[in-house]
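Subject: Structure handover

Hi there,

Here is the structure I promised to pass on to you. Please have it open while you read, as my notes follow right after it.

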Amino acid sequence: MKDFLSERARGIAPYTAGEQPADRRYIKLNTNENPYPPSPEAVAALRGFGAETLNRYPQPCSDRLRQVIAQAEGVAPENVFCSNGSDETLFLSFAAFFDRNAPVCYADITYSFYAVYAAFFGIESAVVPLNKDYKIDLAAMANTPCKGYYIANPNAPTGVGIPRAEMEEFIKSVPDRLVIADEAYMDFYGESLSGAVLKYENLLVVKTFSKSYSLAGIRCGYALGSRALIEGLTRVKDCMNSYPVDSVCAAVCAAAVADRAYRDKTARLVCDERERLREELLRLGFTVPQSGANFLFAGKGKIAGGALYARLKEKGVLVRHWDTPALSEFCRITVGTREENDILLKSIKTILG
Ligand code: PMP
């Protein structure tokens, strides 16, 4: 077979998404999805969507959706950028804001896509270890020469959050560097920096419809930032795809934003279950950092992470495990419904004997 791969494609180790095995029914606690369905308003928007209009392209910059998001977030539409999942915004932000000659800085244990994007664009990475409480070490990051930062807050896969005040101190301490706060899980923590983008021109906040809005299947994310940062993202978007957010997606997400009360109600249910599940796992001897997300990072118990993952899978429960030195002791467990979490706990108890 002839090999037509570019050097770039050949050289890269892509991100591996959570598995979706189809051999049986699983309780799926491996990709940090929301266990609840989307808002009834979002479902109604989908049902009511005028499919006969699909002969037309969507708005290139999703202006109607931007407007709804801007109003909800307390910013202007020029401060909002919409994309096909927040992964796309993150990808475009590497192209828009980083060059080969200046490193990008992020934690050693964090969303592993940052390293993939940096490698893809040939940008050097300055990697800073978490501190002993599994927290992102902002002080060490501030002392690391770089062009800017990716900070998942709360962090993945640990779930550990950084309070807004600490983030603001950090942002103020590095005025010449860009801080990209990836707030994919922020609605389970409640310390968002969204409003602060009007105050700090070195801050870009990235959010998603995939988690708290229960819309992982529709693929939509957005960024909030100064007009200049949003224009930067738009420049690179327009070198890649003029219409990344389709019309159906834009209509459904706008309806979901209008029904934020539903999002907040389901997020509260998830947070309550998270605390119950954490207590139970601690009682079973696991180390489980306090989480501000919709998942728990559990390990160092009587069973190694890989073995726990494999035994749970046999029992029809999927969790996430990474076979790397830093993570192999742990599993990342998405918080499910009460019934799902009960089955998870029962399975773990059986496995531990
Ligand atoms: N950031 C973090 C920290 C994540 O865990 C995820 C989900 N894998 C994303 C961003 C991307 O989410 P999406 O593309 O579904 O918006």
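In this predicted model, α5 gives the largest share of the lining of the largest pocket, with 4 residues. Two other elements, α4 (86-97) and β3 (104-107), join α5 (113-120) in giving two or more residues to that lining. The volume of this pocket is about 1,000 Å³. In total 44 residues line the largest pocket, and those closest to its centre are Y15, Y111, S112, R320 and R332. By class, its lining divides into 23 nonpolar, 12 polar and 9 charged residues.

The second largest pocket holds about 230 Å³ of space. Here the largest share of the lining comes from α9, again as a count of 4 residues. Both α9 (247-258) and α3 (63-73) supply at least two lining residues. Of the 15 residues that line this second pocket, Q59, R64, S247, A250 and A251 lie nearest its centre. The class split is 8 nonpolar, 4 polar and 3 charged.

Now to the ligand, which I expect you will want to look at yourself. The residues around the ligand are G85, S86, D87, L90, Y111, D182, A184, Y185, T208, S210, K211 and R219. Three side chains are worth picking out on screen. For S86, a polar side-chain atom lies 2.7 Å from an oxygen atom of the ligand. T208 also places a polar side-chain atom by a ligand oxygen, at 2.5 Å. With Y111 the partner is a nitrogen atom of the ligand, 3.2 Å from a polar side-chain atom. Y111 is also one of the residues closest to the centre of the largest pocket.

One last item is the cysteines. How many disulfides does the structure hold? The count is 0. Take C146: the closest cysteine sulfur, in C105, is 4.7 Å from its own sulfur, and a disulfide needs the two within 2.5 Å, so this pair is too far apart for a bond. C146 counts as buried because its relative accessibility is 13%, under the 20% limit. For C239, the closest cysteine sulfur belongs to C61 and is 12 Å away, so a bond is ruled out by distance there too. C239 has 72% relative accessibility and therefore counts as exposed, the limit for that being over 50%.

Happy to talk any of this through once you have had a look.

Best wishes

Methods. Residues are numbered from 1 along each chain as its sequence is written. This is a predicted model: local features need pLDDT of at least 70, side-chain atom pairs count only at pLDDT 80 or more; totals for chains, interfaces and linings use all residues. Side-chain values use heavy atoms; hydrogens and water are left out. Buried means under 20% relative accessible area, exposed over 50%, partly exposed in between (1.4 Å probe, protein chains only). On a 1 Å grid over the protein atoms alone, a cavity is a set of points where a 1.4 Å probe fits but cannot get out, and a pocket is an open set with protein on both sides within 12 Å along at least five of seven lines; lining residues have an atom within 4 Å of a point. Grid points are joined across faces, edges and corners, and a volume is the space filled by probe spheres set on the points. Ala, Val, Leu, Ile, Met, Phe, Trp, Tyr, Cys and Pro count as nonpolar, Asp, Glu, Lys and Arg as charged, and the others, Gly among them, as polar. A residue is near a molecule or strand if one of its heavy atoms lies within 4 Å of it. A polar contact is a pair of N or O atoms within 3.5 Å; within protein, one must be able to donate a hydrogen and the other to accept it, and residues adjacent in sequence count only if both atoms are side-chain atoms.
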